[in-house]
Amino acid sequence: MPTEDVRLTVTRIYEDISGQSLEKGDVLINTLHAIQDHYGNFIPIEAAEVLKELTGTPLSRIYEVLTFYTMFSTHKRGKYVVRVCKSLPCHVTGGQAVIDSLKNTLEIGFGETTEDGLFTLEETSCLGLCGVSPVMMINDEAYGNLTPRRVSEIIREIVSRERSE
C-alpha cells in the first residue's frame with residue numbers, strides 16, 4: 001500500500017468524522033471503524049501511524065484501542081468475519097456443535113481465513129443475544145437459535161450469493 005494513498009484516505013476519513021460534533025474518544029473509534037470499512041475488515045499499520053499524526057494521539061493509545069476491541073483487526077481478514085459466541089449460555093444450548101459445524105463447513109479454525117479469502121472465523125465472548133443462543137455474527141448481522149444444519153445453510157447461502165455476483 002503506497003503511503004501517500006493511505007495518508008490521503010485516512011486524512012479524508014478523519015476530517016469527515018471529526019467534522020461531526022463528537023467527543024474525542026468517539027472520533028477515534030468512529031474513525032477506526034471507517035478506516036476498517038474502507039480497507040475491507042482490517043486497519044493497516046500505516047493508517048494508525050497517519051492517524052497518530054492527525055490527532056496527536058500517541059500510537060500506543062491507538063494500538064490500545066485496536067487491540068482492546070475485538071471488532072478491530074490490524075491483519076487482513078475475509079470479506080465475511082464470522083464471530084461465534086463461546087459464552088456459557090451459548091455453550092449449554094449447543095454452541096459447541098455450532099462451532100464444530102462452522103469449522104467443518106469453512107474448513108478452518110479460529111483466527112484463520114478460507115483460501116478464497118471469503119471468510120475469517122473468530123471466537124468472541126458474549127454477543128449480548130443470550131435469549132436466542134447459540135448465536136454468531138457475520139460482519140454486522142446476527143444469527144440466533146443456531147443449529148449445525150442452519151450454520152451450514154447460512155454459509156452455503158453466502159457462498160452461492162458470492163458466486164452469482
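Colleague: What is the handedness of the crossing of α1 and α2, left-handed or right-handed?
Modeller: In this predicted model, the crossing of α1 and α2 is right-handed. The contact is made on the α1 side by Asp5, Val6, Thr9, Val10, Arg12, Ile13, Tyr14, Ile17 and Ser18, and on the α2 side by Val27, Asn30, Thr31, Ala34, Ile35, His38 and Tyr39. By class, the residues of this contact divide into 9 nonpolar, 5 polar and 2 charged.

Colleague: Why is α1 called oblique to α2?
Modeller: Helix α2 (residues 24–39) packs with α1 at an angle of about 135 degrees, and their axes are 9 Å apart. Roughly perpendicular ends at 115 degrees and roughly antiparallel requires over 145. The angle of about 135 degrees falls between these limits, so α1 is oblique to α2.

Colleague: What makes α1 and α3 oblique to each other?
Modeller: The axes of helix α1 (residues 3–18) and helix α3 (residues 45–55) cross at roughly 50 degrees and come within 9 Å. Roughly parallel needs an angle under 35 degrees, and roughly perpendicular begins at 65. A crossing at roughly 50 degrees meets neither condition, and α1 and α3 are therefore oblique to each other.

Colleague: Which residues make the contact of α1 and α3, and how do they divide by class?
Modeller: Helix α1 contributes Val6, Arg7, Val10, Thr11 and Tyr14, while α3 contributes Glu46, Ala47, Val50, Leu51, Glu53, Leu54 and Thr55. These residues comprise 7 nonpolar, 2 polar and 3 charged. As to handedness, α1 passes α3 in a right-handed crossing.

Colleague: What is the strand order of the open sheet, and why do β2 and β4 count as edge strands?
Modeller: The open sheet of 4 strands has the order β2-β1-β3-β4, with mixed pairing. Strands β2 (119–124) and β4 (141–143) each have a single partner strand, so one side of each is left without a neighbour in the sheet. On average, neighbouring strands are turned by 20 degrees against each other, direction ignored.

Colleague: How do you know that β1 and β2 are paired, and in which sense?
Modeller: A pair requires at least two bridges. Strands β1 and β2 share 6 bridges in the parallel sense, which satisfies that condition. Within this pairing, tyrosine 80 stands opposite phenylalanine 119 in β2, and cysteine 85 stands opposite threonine 124 in β2.

Colleague: How many bridges join β3 to β4?
Modeller: Strand β3 (residues 136–138) is joined to β4 by 3 bridges, and the two run antiparallel. The criterion of at least two bridges is met. Isoleucine 138 has glutamate 141 of β4 as its bridge partner.

Colleague: What makes β1 mostly covered?
Modeller: A residue is buried when its relative accessible area is under 20%. In β1, 6 of the 6 residues are buried. They occupy both faces: Tyr80, Val82 and Val84 lie on one side, and Val81, Arg83 and Cys85 on the other.

Colleague: Why is β2 described as largely enclosed?
Modeller: Of the 6 residues of β2, 5 are buried, so this strand is largely enclosed by the rest of the structure.

Colleague: Which strands does each of the helices α5 and α6 lie across?
Modeller: Helix α5 (residues 88–106) lies across β1 (80–85), β2 and β3, and runs at about 150 degrees to β1. Helix α6 (residues 148–164) lies across β1, β2, β3 and β4, and runs at about 0 degrees to β3.

Key: Residues numbered from 1 in each chain as written. Predicted model: local features only at pLDDT ≥ 70, side-chain atom pairs only at ≥ 80, totals over all residues. Heavy atoms only, no water. Axes fitted to C-alpha atoms, helices over the stretch in contact; angles between N-to-C directions. Left-handed = near helix turned anticlockwise from the far one by under 90°. Contact = heavy atoms within 4.5 Å. Nonpolar A, V, L, I, M, F, W, Y, C, P; charged D, E, K, R; others polar. Buried < 20%, exposed > 50% of the residue type's maximum accessible area, 1.4 Å probe, protein only.
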